[in-house]
Amino acid sequence: QVQLVESGGGLVQSGESLRLSCAASGTSYSFYFMGWYRQTPGKQRDLVARITRGGSTNYADSVKGRFTITRTNSENTVYLQMNGLKAEDTAVYYCYARTSAALEGTNYWGQGTQVTVSS
């Protein structure tokens, strides 16, 4: 079965950087979308950034210019470089992968990694 395993979360000071990694295992399928969502207590899970198999990217307005998403298709791995972190970036970050852009596509989720930014 497909598993997404995240790493790289932690506690940093405002203005510092972190790099999140997520590796998909249990499949050789190259996902159409890979990306990151984040969630804080009592709030919905929101898209942070996603990247297509072809390299097209989308970012939440709040992270544009600070975060960069990349992926290695051959390794089914996606990365999120987070620079200039702010207290409001504090959240649990979830890796996600989707098989297709079509409605019948399937989403997969990682277990989440905590990012805490102290001001």
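A residue is called buried when its relative accessible area is under 20%, exposed when that area is over 50%, and partly exposed in between, with a 1.4 Å probe and only protein chains taken into account. By this scale Arg 66 counts as buried, because its relative accessibility is 12%. The structure is a predicted model, in which local features need pLDDT of at least 70 and side-chain atom pairs count only at pLDDT 80 or more, whereas totals for chains, interfaces and linings use all residues. Residues are numbered from 1 along each chain as its sequence is written, and side-chain values use heavy atoms, with hydrogens and water left out.

The description begins with the sheet. Strands are DSSP runs of E with at least two residues, just as helices are runs of H or I with at least four, and both are numbered from the N terminus; two strands are said to pair if DSSP finds at least two bridges between them. In general, the strands of a sheet pair through backbone hydrogen bonds, in either a parallel or an antiparallel way. Here, 4 strands form an open sheet with antiparallel pairing, in the order β1-β3-β8-β7. Its edge strands, each of which pairs on one side only, are β1 (3-7) and β7 (67-72). On average, neighbouring strands of this sheet are turned by 15° against each other, direction ignored, where the axes are lines fitted to C-alpha atoms (for helices, over the stretch in contact) and angles run from 0 to 180 degrees between N-to-C directions.

The pairings can be followed across the sheet from one edge strand to the other. Strand β1 pairs with β3 (residues 18-25) in the antiparallel sense over 5 bridges, and within this pairing Val 5 has Ala 23 of β3 as its bridge partner. Strand β3 is in turn joined to β8 by 6 bridges, again with the two strands running antiparallel, and here Ala 23 has Thr 77 of β8 as its bridge partner. Finally, β8 (residues 77-82) and β7 pair in the antiparallel sense over 6 bridges, with Tyr 79 in β8 as the bridge partner of Thr 70.

Strand β3 also carries one end of a disulfide. Such a link is a covalent bond between the sulfur atoms of two cysteines, and it is assigned when the two sulfur atoms lie within 2.5 Å. A search of the whole structure finds 1 disulfide, formed by Cys 22 and Cys 95 with their sulfur atoms 2.0 Å apart. Because Cys 22 lies in strand β3 and Cys 95 in strand β9, the pair ties together parts that are 73 residues apart in sequence. The link is left-handed, with -80° about the S-S bond, and both Cys 22 and Cys 95 are buried.

Charged side chains were examined next, a salt bridge being a side-chain nitrogen of Lys or Arg within 4 Å of a carboxyl oxygen of Asp or Glu. By this rule the structure contains 3 salt bridges. In one of them, Asp 89 is joined to Arg 38, with the closest N and O atoms 3.0 Å apart; this pair links distant parts of the chain, since Asp 89 lies in the loop between β8 and β9 (91-98) and Arg 38 in strand β4 (residues 33-39), 51 residues apart. Asp 89 also forms a salt bridge with Arg 66, where the closest N and O atoms are 2.8 Å apart, and this pair is 23 residues apart, with Arg 66 in the loop between β6 (57-59) and β7. Salt bridges that share partners thus join Arg 38, Arg 66 and Asp 89 into one network. Asp 89 counts as buried, because its relative accessibility is 1%.

Arg 66 has further neighbours beyond this network. Its side chain reaches the backbone oxygen of Gly 84 at 2.9 Å, which is a polar contact (a pair of N or O atoms within 3.5 Å; within protein, one atom must be able to donate a hydrogen and the other to accept it, and residues adjacent in sequence count only if both atoms are side-chain atoms). When contact is taken as heavy atoms within 4.5 Å, and residues up to four places away in sequence are not counted, the residues that Arg 66 touches include Gln 81, Met 82 and Leu 85.

The remaining salt bridge joins the side chains of Asp 61 and Lys 64 at 3.1 Å, N to O. Asp 61 is exposed, because its relative accessible area is 65%.
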